[in-house]
Amino acid sequence: MAPETDTETEEAPALTEEAAELLTRIRAEMGDAIVEDAVMFSDVVVRVKPDAWREAARVCKERLECNYLSFVAGIDWMPMPLVAEEGSGDTSAPVQPREQTYGAAGSAGRFQVFACVESTHRPRWRVILKTDVEDSDMRAESWTSVYAGADWHEREAWEMYGIVFDGHPSLRHLYLPSEFEGHPLRKDFPLLAREVKPWPGLVDVEPMPGEPAGEEEAEGAAAE
């Protein structure tokens, strides 16, 4: 049997040669526009100031060989609202946090926009970029003038989180009807799917033909 390891003291994986080079180059190019950077599972994560968001895309595409946009999306770091009470059947694993926490490279608040760009010519050459979004003014610079593929990604983030992308040619709905109110991927949007029901739930299941009846039905039949 292999010896047990202490995951808390286990060292983080070493930065790959490609990631180290990419991080050095993006630091040199972006300078003070970088708020914080980190490494997560050998990926470079860089958080930039909101007014440098579009410039970060331009630097990555034009100077860092990241010619492919994988995605643009929103993040809501608010903890999942506690709908179920203790002992009611909430068996989610890992247990959802009750305090607002942030991922690699941090955050200034609840909302962020993040994106992943990479090279189609160099293996293992990619960076994850993040920027903060003000709760009171949900806006970020559009990447459509740099990566045309950002168009529908930003439309989705606008629709699901309410983040307006300045410079986007046409923010309009992708999935929801135009009269829909609210933003379904915000943590405080009410969804019945988030309500945890005590097992076995609220549905009584009738026995299949030939199966013995439940205790309550058996007692009722005996009384008759």
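Two strands count as paired if DSSP finds at least two bridges between them, and the elements themselves are DSSP runs, numbered from the N terminus, with helices as H or I of at least four residues and strands as E of at least two. The model is predicted, so local features need pLDDT of at least 70 and side-chain atom pairs count only at pLDDT 80 or more, whereas totals for chains, interfaces and linings use all residues. Residues are numbered from 1 along each chain as its sequence is written, and side-chain values use heavy atoms, with hydrogens and water left out.

**Exercise 1.** Determine in which sense β1 and β2 pair and what joins them.

*Solution.* Begin with the ladder: β1 and β2 run antiparallel and are joined by six bridges, and within it glutamate 36 has arginine 47 of β2 as its bridge partner. Turn then to the connection, which is a hairpin with two residues between the strands, where phenylalanine 41 in the turn has a positive phi of about 50°.

**Exercise 2.** Follow β2 to β5 and place both strands in the sheet.

*Solution.* Strand β2, residues 43–48, pairs with β5, residues 126–133, in the parallel sense over five bridges. Arginine 47 has lysine 130 as its bridge partner in β5. The five strands form an open sheet of mixed pairing, in the order β1-β2-β5-β4-β3. Because β1 (34–40) and β3 (68–76) stand at the edges with a single partner strand each, one side of each is left without a neighbour in the sheet.

**Exercise 3.** Describe how α1 packs against α2.

*Solution.* Helix α1 (residues 17–30) and α2 pack at an angle of about 130°, with their axes 11 Å apart; axes are lines fitted to C-alpha atoms, for helices over the stretch in contact, and angles run from 0 to 180 degrees between N-to-C directions. That makes α1 oblique to α2, since angles under 35 degrees count as roughly parallel, over 145 as roughly antiparallel, 65 to 115 as roughly perpendicular and the rest as oblique. The contact (heavy atoms within 4.5 Å) is made by Ile26, Glu29 and Met30 of α1 together with Glu55, Ala56, Val59 and Cys60 of α2.

**Exercise 4.** Decide which terminal stretches have pLDDT under 50.

*Solution.* The chain averages a pLDDT (the predictor's confidence in each residue, from 0 to 100) of 83, and 71% of the residues score at least 70. Values stay under 50 over residues 1–9, for which the model has one contact beyond four places in sequence, and likewise over residues 198–202, with two such contacts. Where pLDDT is low, the predicted coordinates should not be read in detail.
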